Amino acid sequence: MTQSADAFEKSLSVHAEIVEARLAVLLDGTPRPAEVARPRQLIEAMDYGALNGGKRLRPYLVMQSTRLFGGSDEAALQVGCALECLHSYSLVHDDLPAMDDDDLRRGKPTVHKQYDEATAILAGDGLLTYAFDIIASPETPLTDSAKVTLVLELSRAAGIGGMAGGQMLDLVADKEQPDEAGIVMLQAMKTGALLRFACEAGAIIAARPPEDRDRLRRFGEIIGRAFQVADDLLDITSDAATLGKATGKDAAKGKATLVGLKGTDWARAELDRLVTEANALLDPYGTKAEPLKEAAHFIAYRKK
């Protein structure tokens, strides 16, 4: 790696500030063309759900995968913000009492606790829809063809066969314990699909050929799996004060995870294996791929 873990986290933080600033502009109260109005409580709840100090890892991956191929920074920032809106919607809805029933998110009350359940549902709806608005917007400097491709890939990553489908499998898993293959599929859909899109998006933005899209897509799938293994490991080994959310909930619910099935020693060895595999995929790009390799390392070995 070319920089220390502290240097990487500083870089991630700088990019997060850029994303936060753009999201604040996108999520202000001024109606856009063809919008009638932006109701105050709805936009405030959307702001609360999206502008809450997250690491902005997914936009970072969009921006760095785009830079790998020399694509437009402005387009990458817009697409990264769209992805962050969609990711934020998923968290707002996941936290609802009918889903994961969480009171805390990133150290703050969840949206339905800060406002109410109906407002949280509408805030999530608004963030989900706005993600596609941002990509399609004239302010995003991409060809119509690239925008259509990004909308299609993000829809597939977020929808029935991706994140939403994975969330459904997760709810079913509370009653019907999946086997190892079932857990892998659930996690690839619920968590991995958006990380996969974040990495492949850079190749789409930069109009790269299919082989580059495939390589970045596979890289995203691998770090998506690493993210979930690390998340499950932290759920066992960390605490709510460090993570900013409740821990030990999977065990309390009797929910099966790969870490629960195979143990923490297996998890740490699996993370080593996944990082090695992810790095090997990017070796053909030389030093230009270092930021993405460092992101893979951070994802696997993060402490919160």
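**Helix packing, aromatic pairs and buried residues**

F8, Y60 and F298 form one aromatic cluster, and this cluster is a convenient place to enter the structure, which is a predicted model. The model contains 4 aromatic pairs in total. One of them is made by F8 and F298, whose ring centres are 5.3 Å apart and whose planes stand at 45° to each other, an arrangement classed as tilted. This pair links distant parts of the chain, since F8 belongs to helix α1 and F298 to helix α15, with the two positions 290 residues apart. Both F8 and F298 are buried.

A further aromatic pair brings F69 together with Y285: the ring centres are 5.4 Å apart and the planes lie at 90°, so the pair counts as edge-to-face. Here the partners sit in loops, F69 in the one between α3 (57–68) and α4 (73–94) and Y285 in the one between α14 and α15, so the pair ties together parts of the chain that are 216 residues apart in sequence. F69 and Y285 are both buried.

The pair of F8 and F298 leads on to the two helices that carry these residues. Two packed helices are described by the angle between their axes and by the distance between those axes. For α1 (residues 5–26) and α15 (residues 290–301), the axes come within 11 Å and cross at roughly 105°. Because angles of 65 to 115 degrees count as roughly perpendicular, α1 is roughly perpendicular to α15. On the α1 side the contact is made by F8, E9 and L12, which meet P291, E294, A295 and F298 of α15. Sorted by class, the contact of α1 with α15 has 5 nonpolar and 2 charged residues, and no polar ones.

The packing of α4 with α9 (180–205) gives another geometry. The axes of α4 and α9 are 10 Å apart, and the angle between them is about 170°. Since angles over 145 degrees count as roughly antiparallel, α4 is described as roughly antiparallel to α9. The residues that α4 brings to this contact are A75, A76, V79, L83, L86, H87 and D94, and they meet K190, L194, F197, A198, A201 and I205 of α9. By class, the residues of the contact between α4 and α9 divide into 10 nonpolar, 1 polar and 2 charged.

Helix α9 also takes part in the surroundings of α8, a helix that covers residues 163–173. The buried residues of α8 are M163, G165, G166, Q167, D170 and A173, and they pack against α4, α7 (144–158) and α9. Among these residues is the charged side chain of D170, which has a relative accessible area of 5% and is therefore counted as buried. Beyond its neighbours within four places in sequence, D170 is in contact with L186, K190 and K255; K190 also appears among the α9 residues that meet α4.

Helix α14 (residues 264–282) likewise holds a buried acidic residue, E270. The relative accessible area of E270 is 7%, which places this residue in the buried class, and a polar contact of 2.8 Å joins its side chain to that of R273. L271 lies in α14 as well, and with a relative accessible area of 2% L271 is also buried. When neighbours within four places in sequence are left aside, the contacts of L271 are A226, V229, A230, L233, A300 and Y301. By contrast with those contacts, S72 is separated from L271 by 199 residues in sequence and by 32 Å in space, taken from C-alpha to C-alpha.

Two loop residues deserve a look for their backbone geometry. D101, placed in the loop between α4 and β1 (104–105), has a positive phi of about 55° although it is not a glycine. With a relative accessibility of 43%, D101 counts as partly exposed. A207, in the loop between α9 and α10 (210–237), is another residue other than glycine with a positive phi, in this case near 55°. At 67% relative accessibility, A207 counts as exposed.

Notes: Residues are numbered from 1 along each chain as its sequence is written. This is a predicted model: local features need pLDDT of at least 70, side-chain atom pairs count only at pLDDT 80 or more; totals for chains, interfaces and linings use all residues. Side-chain values use heavy atoms; hydrogens and water are left out. Axes are lines fitted to C-alpha atoms, for helices over the stretch in contact, and angles run from 0 to 180 degrees between N-to-C directions. Helices (H or I, at least four residues) and strands (E, at least two) are DSSP runs, numbered from the N terminus. Angles under 35 degrees count as roughly parallel, over 145 as roughly antiparallel, 65 to 115 as roughly perpendicular and the rest as oblique. Contact means heavy atoms within 4.5 Å. Buried means under 20% relative accessible area, exposed over 50%, partly exposed in between (1.4 Å probe, protein chains only). A polar contact is a pair of N or O atoms within 3.5 Å; within protein, one must be able to donate a hydrogen and the other to accept it, and residues adjacent in sequence count only if both atoms are side-chain atoms. Rings of Phe, Tyr and Trp (its six-membered ring) pair if their centres lie within 6.5 Å; planes under 30 degrees apart count as stacked, over 60 as edge-to-face and the rest as tilted.
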